[in-house]
Amino acid sequence: MFSVNPCYDLQPASVDVEELWAEKNYEDHLVNMDPERQELYETCQRLGVGIAVMKAFGGGDLLDEKLSPAGKALTVNQCIHYALTRPAVATVLAGAHSVEQLRTSTAYEDATEAKRDYAMAFASFPKISWEGHCMYCSHCSLCPKKIDVASVTKFLNLAKAQGTVPETVREHYEVLPHHGGECIRCGACETRCPFGVPIMENMKQAKEIFGK
Ligand code: SF4
Ligand code: SF4
């Protein structure tokens, strides 16, 4: 079980959990998630260790523009979807003060993709950016070749982080219905990505690394 949300993910590990929310740590412009956290999630995924998420809403602060370190409020659906789209995350344990709050969280199961989409909200954060970094948000879909860009990129990043292709990652890549090698470089996805990710280059690299 591990605390995962888009603001904690920007901060390096600390022995003092209060530091993760300290105002001074959000004063400067922040870019991309902490590399050690990313490595932790990727290592868990590679080893087949599922992460159960707590603090997906940052104790509720992320849902309130005045309290969120991001300076913009997110919705419950966006926070849950962010956590569930990190590598290795298997489930979110949604905290609740009331039955109504619990119902709001469980409504995620029936929420549309548009309601879950956190990409544009993240791109509007005043002092935080993820430029060039795939957030696995799927905002770039739909691809005319039906490539799941977020999944291809996730497996590509896992392989690149390892410097080799772990067998489990190769197996997961191979069962995707469509692969990076099918990319026709139409560029439609790149116009939709709010984080400036070089998707066509990533698809090319996926083909080189995985052979399809
Ligand atoms: S390439 Fe961009 S839009 Fe697509 S999943 Fe990654 S961050 Fe999201
Ligand atoms: S550039 Fe490639 S991945 Fe992107 S939408 Fe076109 S075919 Fe799909």
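**Two ligand sites and one loop proline**

The shell around ligand 2 is made up of nine nonpolar residues, one polar residue and one charged residue. This is a predicted model. The points below cover ligand 2, then ligand 1, then the residue P198.

**Ligand 2**
- Ligand 2 occupies the largest cavity.
- Four cysteines, C143, C183, C186 and C189, are among the residues around ligand 2.
- The residues around ligand 2 also include P144, V149 and I184, together with the methionines M200 and M203.
- R185 and G187 belong to the surroundings of ligand 2 as well.
- Arg counts as charged and Gly as polar, so R185 is the charged residue of this shell and G187 the polar one.

**Ligand 1**
- Ligand 1 takes up the second largest cavity.
- There are 13 residues around ligand 1, and those that come nearest are C134, C137, S138, C140 and C193.
- The shell of ligand 1 divides into 11 nonpolar residues and two polar ones, with no charged residue.

**P198**
- P198 lies in the loop that runs between α8 (188-192) and α9 (199-210).
- Is P198 buried, exposed or partly exposed? P198 counts as partly exposed because its relative accessibility is 38%, and partly exposed covers values between the 20% limit for buried and the 50% limit for exposed.
- Apart from neighbours within four places in sequence, P198 is in contact with G132 and E190.
- In sequence, P198 and G132 are 66 residues apart. In space, the C-alpha atoms of P198 and G132 are 7.0 Å apart.

Terms used:
Residues are numbered from 1 along each chain as its sequence is written. Chains are lettered from A and ligands numbered from 1 in the order in which they are written. This is a predicted model: local features need pLDDT of at least 70, side-chain atom pairs count only at pLDDT 80 or more; totals for chains, interfaces and linings use all residues. Side-chain values use heavy atoms; hydrogens and water are left out. A residue is near a molecule or strand if one of its heavy atoms lies within 4 Å of it. On a 1 Å grid over the protein atoms alone, a cavity is a set of points where a 1.4 Å probe fits but cannot get out, and a pocket is an open set with protein on both sides within 12 Å along at least five of seven lines; lining residues have an atom within 4 Å of a point. A molecule sits in a cavity or pocket if more than half of its atoms lie within 2 Å of its grid points. Helices (H or I, at least four residues) and strands (E, at least two) are DSSP runs, numbered from the N terminus. Buried means under 20% relative accessible area, exposed over 50%, partly exposed in between (1.4 Å probe, protein chains only). Contact means heavy atoms within 4.5 Å.
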